[in-house]
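Here's a quick briefing for anyone opening this structure for the first time. Have a look at the view below, then read on for the pockets and one unusual helix.

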Amino acid sequence: MAMVDEPLYPIAVLIDELKNNDIQLRLNSIHKLSTIACALGEERTRKELIPFLSENNDDDDEVLLAMAEELGVFIPCVGGVEHAHVLLPPLETLCTVEETCVRDKAVESLCRIGSQMREGDLVDSFIPLVKRLAAGEWFTARVSASGLFQIVYPSAPEIVKTELRSTYSQLCQDDMPMVRRSAASNLGKFAATVESAYLKTDIMQIFEDLTQDDQDSVRLLAVEGCAAFGKLLEPQDCVAHILPVIVNISQDKSWRVRFMVANQLYELCEAVGPEPTKMDLVPAYVRLLQDNEAEVRIAAAGKVTKFCRILSPELAIQHILPCVKELSSDSSQHVRSALASVIMGMASVLARNMILYHGIFDATIEQLLPIFLSLLKDEFPDVCLNIISKLDQVNQVIGIDLLSQSLLPAIVELAEDRHWRVRLAIIEYIPLLASQLGVGFFNNKLGALCVQWLQDKVYTIRDAAANNLKRLAEELGPEWAMQHIIPQMTNNPHYLYRMTILGAISLLAPVMGSEITCSKLLPAVINVSKDRVPNIKFNVAKVLQSLIAIVDQSVVEKTIRPCLVELSDDPDVDVRYFANQALQSIDHSMMSS
């Protein structure tokens, strides 16, 4: 090996490893390309390494993918942007392979390189590459070509620009659906580089042809980019050219296309302005909300609050609210869930829009409340959870009185729901509810539930309930907790519940302060230290350790240390371990003080 010429050694190793049967060795070699190029130098990299890679394209997809990725950042290794064109041949070859992810990565790397190349090199090297791919005999080359037009078009001479637009149009009419799909998905990027004069003629014609394609996969990709395309046009041009196409395709025979229209319609409304939205897009949106396919209704329902935001209150009440009522009792639970995730925002949206319409607003809230209640009591847990998670949005609008009369009874009922995730969602919402209801109202309606959850059969609920008590104590104050929570935290015959109470005490102590901890919480912990269950006793030791920093040193020596000393002689090894850990903490705190 010592006899091998040193400058040739890296390329020799690369060739050996790339021909190795072990794919991992071949992958390692590709990932070291920059190191090998550094060893070879810029000139030998251009003359030896790059040509070798161009020829070495018959490999596993994983290796080719790594090669396409490495070449995208290889410009410094070949001598900078003036030599960037030497990287095009291997990537052009990779653009023609059968594996989609390799082609996509090759196109991405070509775009990265092309965006750094000089204008002259783009005209001399990159544009011919795009033309070759677009005219490729095998469809894979033509699929890759459509992703490169936006790189070369701005730098092309005028006559070449005309040719590029014509070539792109041909790709959009290709015999292979995969080529048309790629052209449809890249149309928005290409359109962003085309002059406005040609947007309304050449590109608009391409867009209309794609929306009438016989393959629904092509039509939906054309729709996906219509909002971005619409924003490139003036509002009046968007109304004249894009709007009729979208209104027509919103009634497409394929539910996938209608689904895409439902997703894009809100963005299109912003592009065309309020008047065309009122005349043409509101009826189209209502049709989508009432669509036969659940997937389309799901997409449309998820946009209902956004859509109401750009409409006048009268339009929203007249056209959208009746559809929302129907969707709240839809046969598909996923439609109801999508609606529940956004409907709580409708109250605040309408409130902002209806400052001058108090009577109408009150009537609207009366219509929305039964919908909220219906979704809140839904048999499907996700629907309830979506409503519960957004309750704070509606509280600010409907007021405490209306909340307590209508929604609060349903919330209390859900606090004992058979699905533990629903109970958990209610628990997490309780502190916010407490701050909005006030102490008196909260004590009457929800106070007892907070302690009741400490005895839930599900550990996650018990743990959340303990954290909930801490948050309530922070919100309503230590005095409230001492009067309404601590007296109810009594001993329980089941050891798991006793452990939960210990956990709640350790969480409450820092909030309650030294005085209440010494007078109320610490005696309860000391009392439980006599428990017959080892798990309870070692948890007592852990809680006492957490109280050391809260209470005075005299209390530690007089009350906590004797209890821990007693536990350190317990027959159970775990109890002794945690008791000794706590005693060491006492000694450490004394030394540090």
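**Pockets and a kinked helix**

Helix α31 supplies eight residues to the lining of the largest pocket, which is the largest share. Keep in mind that this is a predicted model. That helix is also sharply bent, with a kink of about 130°.

**The largest pocket**
- Its volume comes to about 330 Å³.
- There are 16 lining residues, and those closest to the pocket's centre are Tyr 459, Met 499, Thr 500, Gly 503 and Asn 539.
- At least two lining residues come from each of α29 (459-476), α31 and α32 (534-547).
- Sorted by class, the lining holds eight nonpolar, five polar and three charged residues.

**Helix α31**
- This helix covers residues 495-528, 34 residues in total.
- If straight, a helix of that length would span 50 Å, yet the end C-alpha atoms of α31 are only 11 Å apart.
- The kink in α31 is centred on Gly 513.

**The second largest pocket**
- This pocket holds about 190 Å³ of space.
- Its lining is made up of Thr 100, Arg 103, Asp 104, Val 107, Glu 108, Val 143, Ser 144, Gly 147, Ser 182 and Asn 186.
- Two or more of those residues come from each of α7 (100-114), α9 (139-145) and α12 (177-191).
- The top contributor is α7, with five residues.
- By class, you'll find two nonpolar, five polar and three charged residues here.

Note on methods
Residues are numbered from 1 along each chain as its sequence is written. This is a predicted model: local features need pLDDT of at least 70, side-chain atom pairs count only at pLDDT 80 or more; totals for chains, interfaces and linings use all residues. Side-chain values use heavy atoms; hydrogens and water are left out. Helices (H or I, at least four residues) and strands (E, at least two) are DSSP runs, numbered from the N terminus. The expected span of a helix is 1.5 Å times one less than its number of residues. The bend at a residue is the angle between axes fitted to the seven residues ending there and the seven starting there. On a 1 Å grid over the protein atoms alone, a cavity is a set of points where a 1.4 Å probe fits but cannot get out, and a pocket is an open set with protein on both sides within 12 Å along at least five of seven lines; lining residues have an atom within 4 Å of a point. Grid points are joined across faces, edges and corners, and a volume is the space filled by probe spheres set on the points. Ala, Val, Leu, Ile, Met, Phe, Trp, Tyr, Cys and Pro count as nonpolar, Asp, Glu, Lys and Arg as charged, and the others, Gly among them, as polar.
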